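Here are my notes on the model you sent over. Have the structure open while you go through them.

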Amino acid sequence: MSIKRRKISVIGSGFTGSTTALMLAQRELGDIVLVDIPNMEDPTKARALDMLEASPVQGFDANIVGTANYKDTKNSDLVIVTAGIARKPGMSRDDLVNTNAKIMKSVTQEIVKYSPNCYIVVLTNPVDAMTYTVFKESGFPKERVIGQSGVLDTARFRTFVAEELNLSVKDVTGFVLGGHGDDMVPLIRYSYAGGIPIETLISKERLESIVERTRKGGGEIVNLLGNGSAYYAPAASLTVMAEAILKDQRRILPAIAYLEGEYGYSDIYLGVPTILGGNGIEKIIELDLTEEEKTALDNSANSVKKVMEILQ
Ligand SMILES: NC(=O)C1=CN([C@@H]2O[C@H](COP(=O)(O)OP(=O)(O)OC[C@H]3O[C@@H](n4cnc5c(N)ncnc54)[C@H](O)[C@@H]3O)[C@@H](O)[C@H]2O)C=CC1
Ligand SMILES: O=C([O-])CC(=O)C(=O)O
């Protein structure tokens, strides 16, 4: 019997793609193929080689190659899509829709051609609509096309709660639902520190400001960077999702999933709590929401629908 390493292709070798490739390799989740457009081929090869040369120092076994040829992605188990443009200060994620939708279509055709059985995780913004585009273009079952927003948005929320309480981030849990935009829905009622509801530990006013900072978390980094957007926490979020799928961990993680009636929405990709495992999205968990929470989720879903209309 021969046991082979898993193969993971990362499309886009920019800030998020490169950082994700390194994190995946450091966790020995598989061999990595980093792909970019032809005029980025040499820098992509250089980044991959540079990462590979870190492997003896850090002691991880993973082959890492850079390429502009999709043939090299053949038979990938998992493909992560980070290709496209990022926003600059003053822009919203939705401003990227037309450019990135075209990129999603061409990238998806190449993915499907060489890896018809893979799982796809999409990062490119506006990510709810871009995940929908990849789903439609791929013809894959919904379980195998997943978008990343909630792990990152929840990580930001957990960071701010842990800072507020001066506690370990390890003990803080939470859930952020909805689209990956400024009207995302951090669910305070389902957030805990060491099993204690955070509502009993933090004042209403402070919680409101944590929710607001979470909603604008991407923009906070865009404004500080001046040219580009966040990449360390997004890459860490993609890595945790990849690990859940490749190791069949059946983790409860928020992910952008295709909804067919769940939470009252249909034919839309939106951030919801899921069980992520060896079959991709194995289940969508439907939480009981208060009227106020459901109204907030409706607003967020409507914003995603507006962006999807631009795509029609
Ligand atoms: N969903 C989320 O939580 C997050 C989403 N993002 C989004 O991820 C995307 C990537 O961000 P960064 O890596 O910072 O951007 P970046 O500009 O550093 O890298 C993007 C890369 O994609 C490449 N690319 C463009 N067209 C391509 C194609 N057809 N095939 C292969 N590669 C192609 C570019 O050459 C570039 O190297 C952006 O749309 C950004 O908004 C970023 C952070 C978090
Ligand atoms: O804000 C952006 O443009 C990138 C992103 O989605 C995030 O960091 O949450």
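The points below go from the domains to the ligands, then to the helix packing and two backbone details.

1. Ground rules. This is a predicted model, in which local features need pLDDT of at least 70 and side-chain atom pairs count only at pLDDT 80 or more, while totals for chains, interfaces and linings use all residues. Residues are numbered from 1 along each chain as its sequence is written, and chains are lettered from A and ligands numbered from 1 in the order in which they are written.

2. Two domains. The protein chain is assigned domain 1 (7-148) and domain 2 (150-310); such bounds come from an automatic or database domain assignment. Their C-alpha centres are 22 Å apart. On the contact between them, domain 1 puts in 36 residues and domain 2 puts in 37, where contact means C-beta atoms, placed from the backbone, within 7 Å.

3. Domain 1's side of that contact. At least two residues each come from α1, β4 (78-81), β5 (119-122), α5 (127-138) and β6 (145-147). Helices (H or I, at least four residues) and strands (E, at least two) are DSSP runs, numbered from the N terminus. By class, this side of domain 1 has 19 nonpolar, seven polar and 10 charged residues. For the classes, Ala, Val, Leu, Ile, Met, Phe, Trp, Tyr, Cys and Pro count as nonpolar, Asp, Glu, Lys and Arg as charged, and the others, Gly among them, as polar.

4. Ligand 1. Which residues are closest to ligand 1? They are G12, G14, T16, A83 and N125, out of 35 that surround it (a residue is near if its C-beta atom, placed from the backbone, lies within 6 Å). Two elements, α1 (15-26) and α4 (97-114), give two or more residues to this shell, and α4 has the largest share with four. The shell splits into 17 nonpolar, 16 polar and two charged residues. Both domain 1 and domain 2 supply at least three residues to the shell around ligand 1.

5. Ligand 2. Here 13 residues make up the surroundings, with R87, R93, G218, S229 and A230 coming nearest. Helix α8 (residues 217-225) provides the largest share of the shell around ligand 2, four residues. Six of the shell residues are nonpolar, five polar and two charged. Why does ligand 2 lie between the domains? Because domain 1 and domain 2 both give residues to its shell.

6. α1 against α9. The axes of these helices come within 8 Å and cross at roughly 45 degrees. (Axes are lines fitted to C-alpha atoms, for helices over the stretch in contact, and angles run from 0 to 180 degrees between N-to-C directions.) That makes α1 oblique to α9; angles under 35 degrees count as roughly parallel, over 145 as roughly antiparallel, 65 to 115 as roughly perpendicular and the rest as oblique. The crossing is right-handed, meaning the near helix is turned clockwise from the far one by less than a right angle (anticlockwise would be left-handed). On the α1 side you'll find T16, T19, T20, M23 and L24, which meet Y232, P234, A235, A236, L238, T239 and A242 of α9. That contact has eight nonpolar, four polar and no charged residues.

7. α6 against α9. Helix α6 (residues 150-165) and helix α9 (residues 232-246) have axes that come within 8 Å and cross at roughly 125 degrees. That makes α6 oblique to α9, and the crossing is right-handed. V151, L152 and A155 of α6 touch A233, P234, S237, V240 and M241 of α9. Seven of the contact residues are nonpolar, one is polar and none is charged.

8. α6 against α7. α6 also packs with helix α7 (residues 204-215), at about 145 degrees and with the axes 9 Å apart. This crossing is right-handed as well. D153, R156, F157, F160, V161 and E164 come from α6, and R206, I210, R213 and T214 from α7. The class count for this contact is four nonpolar, one polar and five charged.

9. Backbone details to look at. N125 and P126 are joined by a cis peptide bond, with omega about -5 degrees, and P126 sits in the loop between β5 and α5. N125 is also one of the residues closest to ligand 1. Elsewhere, N166 has phi near 55 degrees, a positive value in a residue other than glycine; N166 is in the loop between α6 and β7 (172-173).

Technical notes
Contact = placed C-beta atoms within 7 Å.
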